[in-house]
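Have the model open and ready to rotate while you read. We'll go through it piece by piece, pausing at spots worth a closer look.

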Amino acid sequence: MSTASASTAARPGTTRSAQEPKRRFGPRTLFARVFWLMVFGIAIAQAMAYVAIRQERSMALRTLMMSGVERDIATGIAVLDRLPVAERPDWLKRLERPNYRFALADEIDPKAGPVQRTDFNGPFVDALTQAMQPFHIERAVQLGVKRYQLLVRLNDGSAVTVHAQRVDMPIPEWVMWVLGAQLIVLAVCSWMVVRLVTRPLKTLAAAADDLGPDLSPTLIPEEGPAEVAHAARAFNAMQQRIAGYTAERVEILAAISHDLQTPITRMRLRADLMSDEELRGKFHHDLNAMHVLVREGVTYARTLHGTSEVPARLDADALLASIVGDYEDAGEAVTLHGEAGSPIMAQPQALKRILVNLIDNALAFGGQAGIQVTRSVAQDLQDRQDPTPRLTIAVLDRGPGIPEEQLQAVFKPFHRLETSRNRDTGGTGLGLAIALQLATAMGGSLSLHNRTDGGLEARLTLPAPLP
């Protein structure tokens, strides 16, 4: 494609505006998100099970205290009452239990307060009072949350202090190990399930990326669960249909281009035989415009298949210096700032074509062009979803810019902001469309942005892994 047509192809225009990726917190992949969500849910379920076990132990303790302990204490008091006074001290150890013991004296703590009647304490003291009959509880006090003291008088008037306390029923250590083992087993199972579900999605995404702009189908295995195999078959069929439709379109355009060459050549020969020089010049001008339009239309159709050029290790700085030197030799105002610093893998001719198109546009609409080259570094990649380093080549001008509502449209084929239909001023409307297709085929992106201080910035971004 000629540089003239490339420059007029759609001057003002930006390809899709390159929006900065939004910052997101937490895992970014579907695999990680689903896996950690499942693990988090399982951990909550395990915690709830642990709380339920503790609650059940507490309820069992309450039932034990309410149903048996008061009778055991009453039985101990009755035994002490029937024993001779001299033998009572020997029986204290025999009657002692983990949750209560007896003392043959008034050992009530004078600083202790009365029993606080709660759903647990009140019924316990009432049941204990009833079970003590005919013995009378002279005083009942509470020390802290779990300790109680009861003063009881035997039939001979002797004082007996009952020291009672709530003994928790601890959860055995092996229960915690079992819950932890369950969490690990369920986490491993979750990992396997999520991997089984997301692997087909990853395969489909990889196949879609491989399809790329060249539309060369990459068939994926039609195996696995019924749903996965069905999706793989549908995707393979879709790839083949798309590739077939596009190849057919390119063949049609190529045939039209070939067939138009003959009548255009005949018309050019007949125009040469015309005696009217002015009219002959107009005919030649129109025929040249037709020739350029046909050639660029076929070029655009072929770029839909990407570029057949093989990627090579390319010194981008040398390529840019060569392009700028050519423009300077032609007397054009083109400047270069920045450097790539190290080679990249790219298609040299495709990259050169993109840059020439953008520079021609800048010169046509701004009279001058400035090229700025930057390369992302490690700290710049932290907020990117794709951590691959990038090489950015920006072509700047001082032209009129492009209306914001037109920034997307100018990359459409045959779309021109200049509406006179004059090829000399408006171009074919394919230059930016071809540049965009080539940039996409190279794994990069092309976008246009209005500069705040006037003019337009055409920003080409290419993957450039560090050597």
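Glycine 367 sits just after helix α9 and takes a positive phi of about 80°. Keep in mind as you look at this spot that the model is predicted. Now step back into α9 itself, which covers residues 348–366. Does its length fit or clash with what you'd expect for 19 residues at 1.5 Å a residue? The expected span is 27 Å and the end C-alpha atoms are 26 Å apart, so the two agree. The buried residues of α9 include Ala350, Leu351, Ile354 and Leu355. The run from Ile354 through Val356, Asn357, Leu358, Ile359, Asp360, Asn361 and Ala362 to Leu363 is buried too.

Helix α3, residues 88–95, is another one to look at. Here the buried residues are Arg88, Leu92 and Leu95. They cover an arc of only 85° around the axis, which is why they end up on the same side of α3. Swing round to the other side and you'll find Asp90, Lys93 and Arg94, which are exposed.

Time to zoom out. The protein has eleven helices and twelve strands, and 38% of its 467 residues are buried. Take the contacts between residues at least 6 apart in sequence: 71% of them join residues at least 24 apart. As for the surface, the protein exposes about 26,600 Å², with carbon and sulfur atoms supplying 58% of that.

Next, the strands. Five of them make an open sheet with antiparallel pairing, in the order β1-β5-β4-β3-β2. At the edges are β1 (100–103) and β2 (113–114), each of which pairs on one side only. Further in, β3 (residues 136–143) and β4 (residues 147–153) run antiparallel and are joined by seven bridges. To get your bearings on that pair, find alanine 140, which stands opposite leucine 150 in β4. As you trace the strands, remember that side chains in a regular strand alternate between the two faces of the sheet.

Staying with this sheet, look for histidine 163 in strand β5, residues 159–165. Is histidine 163 buried or exposed? Its relative accessibility is 11%, and because the cut-off for buried is under 20%, histidine 163 counts as buried. What does its side chain touch in the way of polar partners? The side chain of glutamine 149 makes a polar contact with that of histidine 163 at 3.5 Å. Leaving aside neighbours within four places in sequence, histidine 163 is also in contact with several other residues, among them Asn99, Tyr100, Arg101, Ala103, Glu107 and Tyr148.

Finally, head for strand β12, residues 456–463. Six of its eight residues are buried, so β12 is largely enclosed by the rest of the structure. Strand β10 (residues 390–396) runs antiparallel to β12, and seven bridges join the two. One landmark there is valine 395, whose bridge partner in β12 is alanine 458. Strand β11 (residues 445–450) also pairs with β12 in the antiparallel sense, over six bridges, and here serine 445 stands opposite threonine 461. The hairpin of β11 and β12 has five residues between the strands. In that hairpin, glycine 454 takes a positive phi near 100°, which brings us back to the kind of feature we began with at glycine 367, where phi is positive as well.

Notes
Residues numbered from 1 in each chain as written. Predicted model: local features only at pLDDT ≥ 70, side-chain atom pairs only at ≥ 80, totals over all residues. Heavy atoms only, no water. Buried < 20%, exposed > 50% of the residue type's maximum accessible area, 1.4 Å probe, protein only. Helix = DSSP H or I, 4+ residues; strand = E, 2+ residues; numbered from the N terminus. Arc of directions from axis to C-beta. Contact = heavy atoms within 4.5 Å. Areas by Shrake-Rupley, 256 points an atom, 1.4 Å probe, with all protein chains shown as cover. Pairing = 2+ DSSP bridges. Expected span 1.5 Å × (residues − 1). Polar contact = N/O pair within 3.5 Å; in protein donor to acceptor, adjacent residues only side chain to side chain.
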